[in-house]
Amino acid sequence: MSVTVAPSWAYTLQLPQDPRAPGLARRMLRWVLQVHAMTAVQPTAELLTCELVTNAYLHSDTPYTLRLRALTPDRLRVAVWDSNPHIPPPFTPGGTADTPATTAEHGRGLFLVQSYADNWGAYPLGSGGLYGEPGGKLLWAECGSA
């Protein structure tokens, strides 16, 4: 019988309310996955990270936080905290993202998260977020190499 032990690492990056922040988040993600030999999840993890971070940038007006955590040696959770308390429909119980029109210029991000993530969810954060921030929400998505 083989037992898989979950790696014990997590990285947190505070991101400024700046249009360059999603690129910074992707670079950090690539580095973390390379260091921990998890490059097999990189394409999906990069898409999920980019969409969640961009969503936080577009829909909040304060800095936000990216957290990467290994669940197993081949499974990653990407989470983003922001100050906007609104949880979008794909992350509510039973909610789904509308299929964007082929001519739509916006609105594909959370549809892509729902399409590519193995699992996803959200937590409303009242006052006092993960690190003492003022409320908001935490959106998360998981991916693995299977």
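How many salt bridges does the count come to by the rule that a side-chain nitrogen of Lys or Arg lies within 4 Å of a carboxyl oxygen of Asp or Glu? The count comes to 6 salt bridges, and three of the legends below take up individual pairs.

This is a predicted model, in which local features need pLDDT of at least 70 and side-chain atom pairs count only at pLDDT 80 or more, while totals for chains, interfaces and linings use all residues. Residues are numbered from 1 along each chain as its sequence is written, and side-chain values use heavy atoms, with hydrogens and water left out.

**Figure 1. Overview of the elements of the protein.** The protein holds 3 helices and 5 strands, which follow one another from the N terminus in the order β-α-α-β-β-α-β-β; helices (H or I, at least four residues) and strands (E, at least two) are DSSP runs, numbered from the N terminus. Of its 146 residues, 44% count as buried, where buried means under 20% relative accessible area, exposed over 50%, and partly exposed in between (1.4 Å probe, protein chains only). Among contacts (heavy atoms within 4.5 Å) between residues at least 6 apart in sequence, 62% join residues at least 24 apart. The protein exposes about 7,900 Å², of which carbon and sulfur atoms supply 56%; accessible areas come from the Shrake-Rupley method with a 1.4 Å probe, and for residues only the protein chains shown count as cover.

**Figure 2. The largest nonpolar core and a second, separate one.** A nonpolar core is a set of buried Ala, Val, Leu, Ile, Met, Phe, Trp, Tyr and Cys residues joined through side-chain atoms within 4.5 Å. The largest has 32 residues, and those that touch the most other members are Leu 15, Leu 52, Leu 66, Leu 68, Leu 76, Phe 91 and Val 113. Two or more residues are given to this core by each of strand E1 (10-15), helix H1 (21-35), helix H2 (42-59), strand E2 (64-72), strand E3 (75-82), helix H3 (109-116) and strand E5 (134-144), and the largest share, 6 residues, comes from H1. A second, separate core of 5 residues includes Ala 79, Trp 81, Leu 138 and Trp 140.

**Figure 3. The surroundings of Leu 15 and Leu 66.** With neighbours within four places in sequence left aside, Leu 15 is in contact with Ala 21, Leu 24, Ala 25, Val 53, Pro 63, Tyr 64 and Leu 66. Leu 66 lies in strand E2 and counts as buried because its relative accessibility is 0%. With the same neighbours left aside, the contacts of Leu 66 include Tyr 11, Thr 12, Leu 13, Ala 25, Thr 49, Val 53 and Val 78. The C-alpha atoms of Leu 66 and Ala 56, which are 10 residues apart along the chain, are separated by 9.7 Å.

**Figure 4. Helices H1 and H2.** H1 has 15 residues and reaches 21 Å from its first C-alpha to its last, close to the 21 Å expected at 1.5 Å a residue; the expected span is 1.5 Å times one less than the number of residues. The buried residues of H1 include Ala 21, Ala 25, Met 28, Leu 29, Val 32 and Leu 33, and what covers the buried residues of this helix includes E1, H2, E2 and E3. H1 is followed by Ala 37, whose phi is positive, near 55°. The 18 residues of H2 should span 26 Å at 1.5 Å a residue, and its end C-alpha atoms are 25 Å apart, which agrees. Among the buried residues of H2 are Gln 42, Glu 46, Thr 49 and Asn 55.

**Figure 5. The hairpin of E2 and E3.** E2 and E3 run antiparallel and are joined by 7 bridges, two strands being paired if DSSP finds at least two bridges between them. The two strands form a hairpin with 2 residues between them, and Thr 72 stands opposite Arg 75 in E3. E3 is mostly covered, with 7 of its 8 residues buried.

**Figure 6. The salt bridge of Arg 75 and Asp 118.** The side chains of these residues meet at 3.0 Å, N to O. Arg 75 in strand E3 and Asp 118 in the loop between H3 and strand E4 (119-127) are 43 residues apart, and the pair links distant parts of the chain. Arg 75 is partly exposed, with a relative accessible area of 22%, and Asp 118 counts as partly exposed at 45% relative accessibility.

**Figure 7. The salt bridge of Arg 77 and Glu 142.** The closest N and O atoms of this pair are 2.5 Å apart. Arg 77 lies in strand E3 and Glu 142 in strand E5, so the pair ties together parts that are 65 residues apart in sequence. Both Arg 77 and Glu 142 are buried, and these two residues are linked with Arg 75 and Asp 118 in a network of salt bridges.

**Figure 8. The salt bridge of Lys 137 and Asp 82.** In this pair the closest N and O atoms are 2.8 Å apart. Because Lys 137 lies in strand E5 and Asp 82 in strand E3, the pair ties together parts that are 55 residues apart in sequence. Lys 137 and Asp 82 are both buried.
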